[in-house]
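Colleague: Got a minute to go through this structure with me? I'd like to start with a pocket, then move to helix packing.

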Amino acid sequence: MAEPYVKKLSTVLLEAITDKDPLVQEQVCGALCALGEAQPAEVLRACEEYLWQHEKLAHPYRTMILRAMETVVSSHISDLDKDMARAVIFLVSSEMTRVKDLVCDWQQAASNVLVAVGKQFIGLVMEEVLSKFQPGALPHYFVVQTLANLAASNVFGMVPFLTSILSTMLPMLGMAKHDTMRVAFCCALQHFSESTLEYLANLDQAPDPTVRKDTFATDIFSAYDILFNHWLQSREAKLRLAVVEALGPMSHLLPSEKLEEQLPKLLPGVLALYRKHAETFHVSKSLGQILEAAVSVGSRTLEAQLDALLAALHAQICVPVESSSPLVVSNRKEVLRCFTVLACCSPDRLLAFLLPKLDANNERTRVGTLQVVRHVINSAASQMEVKKPFILSSMRLPLLDTNSKVKRAVVQVISAMAHHGYLEQPGGEAMVAYIVQQCALPPEAEPQKPGPDSEEPATDSVRDISISTLYLVSTTVDRMSHVLWPHLLEFLTPVRFTGALTPLCRSLVHLAQKREEVGADAFLIQYDSNVTLPSPYAITTRLLTVSSNPYLGDGRGAASLRLLSVLHRNIHPLLGQRWATTVPLLLEHLDEHTEETLSQKEWEERLLAFLRDTLAVVSDNTWICQLSLEMCRQLPCYNGTPQEKNFLYKCIGTTLGAASSKEVVRKHLQELLETARHQEEAEREGLACCFGICATSHLDDVLAQLEDFMRSDVFRRSTGIFNIFKDRSENDVEKVKSTLILCYGHVAARAPRELVLAKVESDILRNIFQYFSTKVLGIKVETKDPALKLCLIQSVCMASQAICSSAQAGSFHFSRKAELVAQMMEFIKAEPPDSLRTPIRKKAMLACTYLVSLEPALEERVQADLIRGCLHSVMAVLPEPEGEEDRQKSLYLDTMHALEDLLTSLLRRNMTPQGLQIMVEHLSPWIRSPRGHERVRALGLSACLLQHFLEHLHVSALVPFHNLGLLIGLFSPRCADLWPATRQEAVSCVHALLYLQLGYEGFSRDYRDDVAEQLLALKEGLVHPDPAVLFHTCHSIAQIIAKRLPPEQLISLLLTLFESLGDPDKNCSRAATIMVNCLLRERGSMLQEKVPEIVSVLRSKLQETREEHVLQAAQHSVYLLASQHCAAVVSSLLGGPLPFDSHTCTLWRALALEPSLTTQVLGLLLEKMSRDVPFKETRAFLLSSPPGREATLLPLAVSGAPGLMRIAPFCLLPGGEGAG
């Protein structure tokens, strides 16, 4: 880029910087900096020239140009030559000092350019600046500020100038009367001192290694005297803070004897500032520097100041950090730094001050003290080494504090202790236990949000930082390995540490893997020397049980299984290879799911399969018996967690099933029955599962033990005659019986199928009913306990299911079937018909579902009673109000599914059109019910039955579906039901019926008929609230039916639809009329022989109702029939009784709707009149009487018909010209 072009572009940009829009100004400034990146010298020269040429340019614009120059210089200082540097220095020096008054932005920008140039050209800058820093006159504020900043930015370049600068500056200090100028001098002295200290600390890199501290001592002390003795007393807070900031680094440069002399005044003076300033960071920072200086010179006077120092610093650390200000956080760091200094020089005095404060009950005092203790443990490790026992013993009371802030601080102290070997001392076990105890705390509902600049641990919950600490200590602190292993295993089994299982397992896995790397001997646990450790059986039981709820507690299932796998050699030497295969599969299954998607039943089955496989690999009866014993011991630990206790019962059953010792098996089963909490439903279920699983291997022993328990004193004491009449005892007895009955049910369900048939009636069901039927003085007492009923129902269900699943089920004659069905019906009928509160009827129907599939078949009467009773028990239940809880909705849906399954099971026994007809007849009253919720349920059940019938249809020969018309006639009017859901179900029923007909015609099950499929597309129209749309849809449905209905089914369909004309639901009545007339129009041509029957039915329907839409529909039906079978209709109407009643007259009037039809009718009437005489003669009884005449019926009827049709006389002759 050519230099003239750059100059022109720079000038254009500089001219634009005066734009009034601030955004444009910023963009111009950015563009200038970007151009300076490419051509720094040209841009700087252009800026310099522009500022010289425009001396009247307002200072805000000058400031922007100077800032752009600083950016360019900072980025390209190495590219500048001396001439350019000199020109820039002269310009900005002039800009900085042009006016005496302070214009901070402008002058600061100029000063910043000088500092930026000074990093490379310190000599040129100092030459210019010192020319304005002359003895005898106060310099410009920003000259002093520039010197200070130069010292900070270029230490090695500035320190050689400091001697002359200080000698010039010292007289000026007395001349400075304004606080602003004094602040500038303080800032300069602070930076000069800091630069000098940095220079002296890096003499090996310094240009002049001969520089010594004492070179500056005299001048610094002179300055110190003015600052401390005069300026520190100022009322201006800003000046006092500037003074104290300077005193800190200056103290390091004071002569040793002077510092020692000044400390008795200096330290109290600085401490006094804590009371004068809210923001104390600068005070604490300076104090720390002064303390370091005092320690470095071996001060003896510091000892006398310790009490005041410790009290002041402790007060600072105990102030609650309520602000997220960086200065507040930084102040705490500086205070802790002061404690570190004091800990290194006077550890005994420090601890003597701190440790007693841990006994204070004040939260702030205890938290602040703990923070200091943690800090000195970390920062003064060597000094604290011999103090470990004292520090550990002082933690006794803080460990008992329940305050969360104190707990958080204690955990942090223990973390520091772990890193420095404290926990290896006596008393360290209590610290480990404390951490684990905090890990076991329940997680907080809403974690605290961390502040933007606050320390992270202060925002985490106690539990979170405890978990982090335990894992960090376990994995990163090598010296803790032998402290934690195997000690942490002790915390696995106690219930109070359940919440800590996941972090415990993760830490133990890491520790175990490290020990295994060392060698097998280091890894194996020596139980003889660690008597407090849980046994392998206890560890196995615990880890397996908690894995049943795998996502609880941050994923304790996976953590437990990983630990179990790592400990395989300590559990049993044979398990390593097998667990290396099986455990990863379990972990993979957990990874593939979440808490929402995991099937609890499937997961428990996988764990039990893992246990069975483990027992098979071990194959040691002694080991298995020990494991079962430990499992029984741990049962009470899970009284508060029913799901896990339930699973542990299953584990016990699995383990006992693998044991070969029958005595052990029966002994454990007896103890389980005696100690179980029979009042708890989950426990009853778990114990029953245990017995059932055990029965897979020990059927006879399990059954014998159940009978032994019934005869035992334990059971008899509960069921004595006097106890029966005590409510509480009776309740207890019922619960025990519930458990026993449920045990028998699970035994039946789990027992080997080849053995169950022989036992089911003789042992299992006999005992179930023996427990259920209580007799007092020979009188049967009906139980009122719903739990006992449910257990009986469930056991009957499981026993029936077991029989059904047996290979010999087809040949098994279940003699107690009718008795069991009757008992189930008793339970169902005893439930309130209008409400659903218990699962009794659901489970009873499920039991009946399995029972009806067994032989012998139920009698027709019993089956009919069963269907009626179940339908009445469910269909009449009132719908739940909106907003009902999910549990109630779930119970209703489950009950409906149970009813569906029962009806389907009954239908399966008679998969014929007749069997389907029987089921629909039972549903028919509910389909026509005036209550909408009953209709929708009935239609839903009908659709389900029809679908099942269709899916299992097997037609061996082409036979007619003889009741198709009747069924379609029942369902199709409901397509216009008041309830949209009922309409949808009705269409589904019609759709299924049409496909059933196709099946009976020989079409395959996967055949799709285009006409029938149109029904599904019409469903949307049924949802529409507009009656016109709804009835048009009904008409379309009738057209589809007309296309697929066999001719022989047409009359039965019409007759059934006629029955719907009087439906109390007017919508359905109208739909029936629409469908009738559509069918008559589409298929009426084949109904000639059925005309008299149809007319007769229409006449009778008109007698039953006076609804206008029915009258009109009947007339239209007669009209449609007459249009196709005029003679038959006329004959049928003439055949009615004379005189014609009003309903017959209504039908006659339908024949006058169409002139051409009317003419045809009149012709038929004339023909009939011409073929018969109008009267016949009769003779009276006496011969002397004259003969009489009697009208014949047909001509009489014909003569009256035109009048009924309201035909004008002229219509009788062709052309309308009548006879008079």
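**Pocket and helix pair**

Modeller: α32 gives the most residues to the lining of the second largest pocket, 5 in number. Keep in mind that this is a predicted model.

Colleague: Which elements give two or more residues to that lining?

Modeller: They are α32 (600-618), α34, α36 (681-695) and α40 (727-750).

Colleague: And which residues line the second largest pocket?

Modeller: Q600, K601, E604, E605, L608, Q643, N646, K650, E685, C689, H746 and R750. By class, the lining has 6 charged, 4 polar and 2 nonpolar residues.

Colleague: How much space lies in the second largest pocket?

Modeller: About 430 Å³.

Colleague: Switching topic. At what angle do the axes of α34 and α35 cross?

Modeller: Roughly 160°. The axes of α34 (residues 642-658) and α35 (residues 662-675) come within 10 Å. Angles over 145 degrees count as roughly antiparallel, so α34 is roughly antiparallel to α35.

Colleague: Is the crossing left-handed or right-handed?

Modeller: Left-handed, as α34 passes α35.

Colleague: Which residues in α34 meet α35?

Modeller: Y649, I652 and L656. In α35, they meet V665, H668, L669 and L672.

Colleague: How do the residues of that contact divide into nonpolar, polar and charged?

Modeller: The contact of α34 with α35 has 6 nonpolar residues, 1 polar and no charged.

Colleague: Back to α34 and the pocket. What does the lining have by class, again?

Modeller: The lining of the second largest pocket has 6 charged residues, whereas the α34 contact with α35 has no charged ones. α34 is among the elements that give two or more residues to that lining.

Technical notes
Residues are numbered from 1 along each chain as its sequence is written. This is a predicted model: local features need pLDDT of at least 70, side-chain atom pairs count only at pLDDT 80 or more; totals for chains, interfaces and linings use all residues. Side-chain values use heavy atoms; hydrogens and water are left out. Axes are lines fitted to C-alpha atoms, for helices over the stretch in contact, and angles run from 0 to 180 degrees between N-to-C directions. Helices (H or I, at least four residues) and strands (E, at least two) are DSSP runs, numbered from the N terminus. Angles under 35 degrees count as roughly parallel, over 145 as roughly antiparallel, 65 to 115 as roughly perpendicular and the rest as oblique. A crossing is left-handed if the near helix is turned anticlockwise from the far one by less than a right angle, and right-handed if clockwise. Contact means heavy atoms within 4.5 Å. Ala, Val, Leu, Ile, Met, Phe, Trp, Tyr, Cys and Pro count as nonpolar, Asp, Glu, Lys and Arg as charged, and the others, Gly among them, as polar. On a 1 Å grid over the protein atoms alone, a cavity is a set of points where a 1.4 Å probe fits but cannot get out, and a pocket is an open set with protein on both sides within 12 Å along at least five of seven lines; lining residues have an atom within 4 Å of a point. Grid points are joined across faces, edges and corners, and a volume is the space filled by probe spheres set on the points.
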